[in-house]
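Dear colleague,

I am handing over the structure we spoke about, placed just below this paragraph. Please look through it first, and then read the notes that come after.

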Amino acid sequence: MDSITIERNPSPAKLDAMGVEYWPVWEKEVSSFEWTYDANEKCYILEGEVIVTPKGGEPVEIKAYDLVNFSKGLSCTWEIKSPVKKHYLIDT
């Protein structure tokens, strides 16, 4: 199923165990764009605020200190409200 799951304020121990600090970093200015995930992606939001609206679904608010999973096949619109900086990991 195409989905977005969010864990708000995960513990530092969990982030350390996942190795989040070693994941690549992605940054984007205030903007809006469509995106389709061709693989599962995990990300940890360091800064910013985004509204992600799945195609045919309800908007989801994502902000700093959220650990987010985007499922493969998800088509959505990203509306970046304040500049975003995130660590991310693509499942291959």
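The notes below go through the cores, the pocket, the cysteines and a few single residues in turn.

Please keep in mind throughout that this is a predicted model, and that every value I quote was computed from it.

I begin with the interior. The largest nonpolar core is made of 14 residues, and those with the most contacts inside it are I4, V52, I62, V68, F70 and W78. Three strands, β4 (41-54), β6 (66-70) and β7 (75-90), each supply at least two residues of this core. A second core, separate from that one, has 5 residues, among them L15, V20, Y44 and L67. As general background, nonpolar side chains in soluble globular proteins tend to be buried together.

W78 deserves a closer look on your screen. Once its neighbours within four places in sequence are set aside, W78 is in contact with W26, S31, S32, F33, W35, Y37, V50, I51, V52, F70 and K86. Of these partners, V52 and F70 are also listed with W78 among the core residues that have the most contacts inside the largest core.

Which residues line the largest pocket? The lining consists of W26, F33, W35, T36, Y37, D38, A39, E41, W78, K86, Y88 and I90, and the pocket encloses about 220 Å³ of space. Two elements, β3 (31-36) and β7, give two or more residues to this lining, and β7 gives the most, with 4 residues. By residue character, the lining divides into 8 nonpolar, 1 polar and 3 charged residues. W78 therefore belongs to two parts of this description, since W78 is named both in the largest nonpolar core and in the lining of the largest pocket, with a core being a set of buried residues joined through side-chain atoms within 4.5 Å.

T36, which also lines the largest pocket, lies in strand β3 and is partly exposed, with a relative accessible area of 45%. Not counting residues up to four places away in sequence, T36 touches G73, L74 and S75. The C-alpha atoms of T36 and P54 are separated by 9.5 Å, although these two residues are 18 apart along the chain.

For the cysteines, the structure holds 0 disulfides. C43 is in no disulfide, and the nearest cysteine sulfur, that of C76, is 11 Å away; C76 is likewise in no disulfide. A pair of cysteine sulfur atoms has to lie within 2.5 Å to count as a disulfide, so the 11 Å between the sulfurs of C43 and C76 rules this pair out. Both residues are buried, C43 with a relative accessible area of 1% and C76 at 5% relative accessibility.

Finally, two backbone positions may catch your eye. Phi of N9 is near 50°, a positive value in a residue other than glycine; N9 is found in the loop between β1 (4-8) and α1 (12-18) and counts as exposed, at 57% relative accessibility. Phi of Y65 is near 75°, again a positive value in a residue other than glycine. Y65 is found in the loop between β5 (60-63) and β6, and at 47% relative accessibility Y65 counts as partly exposed.

With best regards

Conventions: Residues numbered from 1 in each chain as written. Predicted model: local features only at pLDDT ≥ 70, side-chain atom pairs only at ≥ 80, totals over all residues. Heavy atoms only, no water. Buried < 20%, exposed > 50% of the residue type's maximum accessible area, 1.4 Å probe, protein only. Contact = heavy atoms within 4.5 Å. 1 Å grid on protein atoms, 1.4 Å probe; cavity = no way out; pocket = protein on both sides within 12 Å on 5 of 7 lines; lining within 4 Å. Points joined across faces, edges and corners; volume = space filled by probe spheres on them. Nonpolar A, V, L, I, M, F, W, Y, C, P; charged D, E, K, R; others polar.
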